[in-house]
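Colleague: Please give me a close look at one sheet in this model. Start with the strands and what packs on them, then follow the contacts outward.

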Amino acid sequence: MKSIIIRTLLLITSLLSLFSCTEDMNFKDVKVTPVKKLYTPAEGKQIQLLASTTASLFFEWEASKTEDSGSPLYEVVFDKEGGNFSNPIYRVPADNMGFRNYASISHKILNNIWGLAGIGAGDTGTLIWSVVASRGLNEVLALESRSLSLTRLVGFEVLPDQLYITGEGSEAGTDVSAAIACSSPVKGEFEIFTRLEAGKSYSFIDNKSQEARHFIIKDKKIIESQDEVLVEKSGIYKINLDFNLATITLNEVTNFGLFFCPDNKVTINMSYQGKGIWSGEGDVVFHQESWGRDERYKFEMEYNGADKTHWGPKQDGLDSRPTGTPEYFYMKPTPVNQWDNKWKFAGEMDNAKVKATVLLTADQPYTHLIEKL
């Protein structure tokens, strides 16, 4: 999608130049030279993909030249062996929105590309790659191509559209109709905040019917199975499942509270209410500064008794008191720091007892409420 947008913008720019001030009003497209040399990966390189969101493969090539000395755009293109890139399987823009003569392509994207070529999960296959340089309407293929062999991750070919948690060890119990939905920020990826009970079983299903597919966690991998898996330790967990990679991350939420920025600490501890909801009550006293009263706050979540993350506004750069719209209270994980990514209490909350409620549930965007008691 990013590739299409970039090329469309360049096309629009080129068309607009038809109406620029020229003496003869003749349009002349800018020529670009083809990439002459591919640097890396080497010809025939073999890659074992890693089930990590940060793993990537670096591609680099010799820069092209343009008739007007401007910067060309680049795309890495992939095709099956024997193909000529006239209809490539996939295009990936170079770094910096296509303007660099290199690209860092994640293992996850490479895994998807090899899947589009018909190579099965866990299988090894070879594709060819090259680089297309463009400038305006002109697009030229590099003078050489290279083969690249990799072994795909053991992910799922058919990704579930929905996912629910069920089982005796879950909050929903064994009643499938009561199974709790996971949120899905990206296709094939799911997340849920939930309580699990030690010594009891749980699993995930893709729908609330007797024909549902069942998934369990085994050796830190997702597998499709009707077997039961027991919870090792009772606790409240943040569970992330990626069916593209067949991986799971499970972190115990050991503390959660309202973080008051002027005090640089949690001032209202919150307790888990069930099904992704926390709440807590406490006093709020704005901090007196030379310029006025400081009312900034956010939330702090602790994982596994050590690691922490902050939760702040979904809207970047928010710096106002409540606007009266639900979107104001939407939230997302943010870096840990004292002042950035914060909300402001309404003026009436100064010197008041308040109740804070956080809802990390799948039926709506993650959000929170602040009520005066």
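Modeller: What follows starts at that sheet and works outward along the chain. The model is predicted.

Take the open sheet of three strands, ordered S1-S3-S6. Its pairing is antiparallel. Strand S1 covers 38–40 and strand S6 covers 102–106. These are the edge strands, and each pairs on one side only. From one strand to the next, the twist averages 25 degrees.

Now the S1 side. Strand S3 spans residues 56–61 and runs antiparallel to S1. Two bridges join them. Leu 38 has Trp 61 in S3 as its bridge partner.

Next, the helix on this sheet. Helix H2, residues 107–116, packs on the sheet and touches both S3 and S6. The direction of H2 makes about 80 degrees with that of S6.

H2 carries a charged contact as well. Lys 108 and Glu 189 form a salt bridge through their side chains, at 2.0 Å from N to O. Lys 108 sits in H2 and Glu 189 in strand S13 (residues 189–196), so the pair ties together parts that are 81 residues apart in sequence. Lys 108 and Glu 189 are both buried.

There is a nonpolar side to the story too. Ile 109, Leu 116 and Tyr 90 form a nonpolar patch on the surface. Together they have about 260 Å² of accessible area. Tyr 90 belongs to strand S5, residues 90–93. Tyr 90 counts as partly exposed because its relative accessibility is 33%, and that class lies between the 20% limit for buried and the 50% limit for exposed.

Back to the charges. The salt bridge at Lys 108 belongs to a count of 18. Some of them are linked: Glu 75, Arg 91 and Glu 139 form a network of salt bridges.

Two other pairs are worth a look. The side chains of Lys 233 and Glu 252 meet at 3.0 Å, N to O, in a salt bridge. Lys 233 is in the loop between strand S17 (229–230) and strand S18 (235–242), and Glu 252 is in strand S19 (residues 247–260), so this pair ties together parts that are 19 residues apart in sequence. Accessibility divides the two partners. Lys 233 counts as partly exposed, because its relative accessibility is 48%. Glu 252 counts as buried, because its value is 14%.

The other pair is Asp 350 and Arg 293, whose side chains form a salt bridge at 3.1 Å, N to O. This pair links distant parts of the chain, 57 residues apart. Asp 350 lies in the loop between strand S28 (343–344) and strand S29 (352–359). Arg 293 is in strand S24, residues 292–294. At 29% relative accessibility, Arg 293 counts as partly exposed.

S29 leads to one more sheet. This open sheet has four strands in the order S21-S22-S29-S30, with antiparallel pairing. Its edge strands are strand S21 (271–274) and strand S30 (367–372), and each pairs on one side only. On average, neighbouring strands here are turned by 25 degrees against each other, direction ignored. S21 runs antiparallel to strand S22 (residues 277–284), and three bridges join them. Tyr 272 stands opposite Trp 278 in S22.

To return to your sheet: S1-S3-S6 is open and antiparallel, H2 packs on it, and Lys 108 of H2 is tied to Glu 189 of S13.

Note on methods:
Residues numbered from 1 in each chain as written. Predicted model: local features only at pLDDT ≥ 70, side-chain atom pairs only at ≥ 80, totals over all residues. Heavy atoms only, no water. Pairing = 2+ DSSP bridges. Axes fitted to C-alpha atoms, helices over the stretch in contact; angles between N-to-C directions. Contact = heavy atoms within 4.5 Å. Patch = residues over 30% accessible without salt bridge, like charges linked within 9 Å, V, L, I, M, F, W, Y side chains within 5 Å. Areas by Shrake-Rupley, 256 points an atom, 1.4 Å probe, with all protein chains shown as cover. Salt bridge = Lys/Arg side-chain N within 4 Å of Asp/Glu carboxyl O. Buried < 20%, exposed > 50% of the residue type's maximum accessible area, 1.4 Å probe, protein only.
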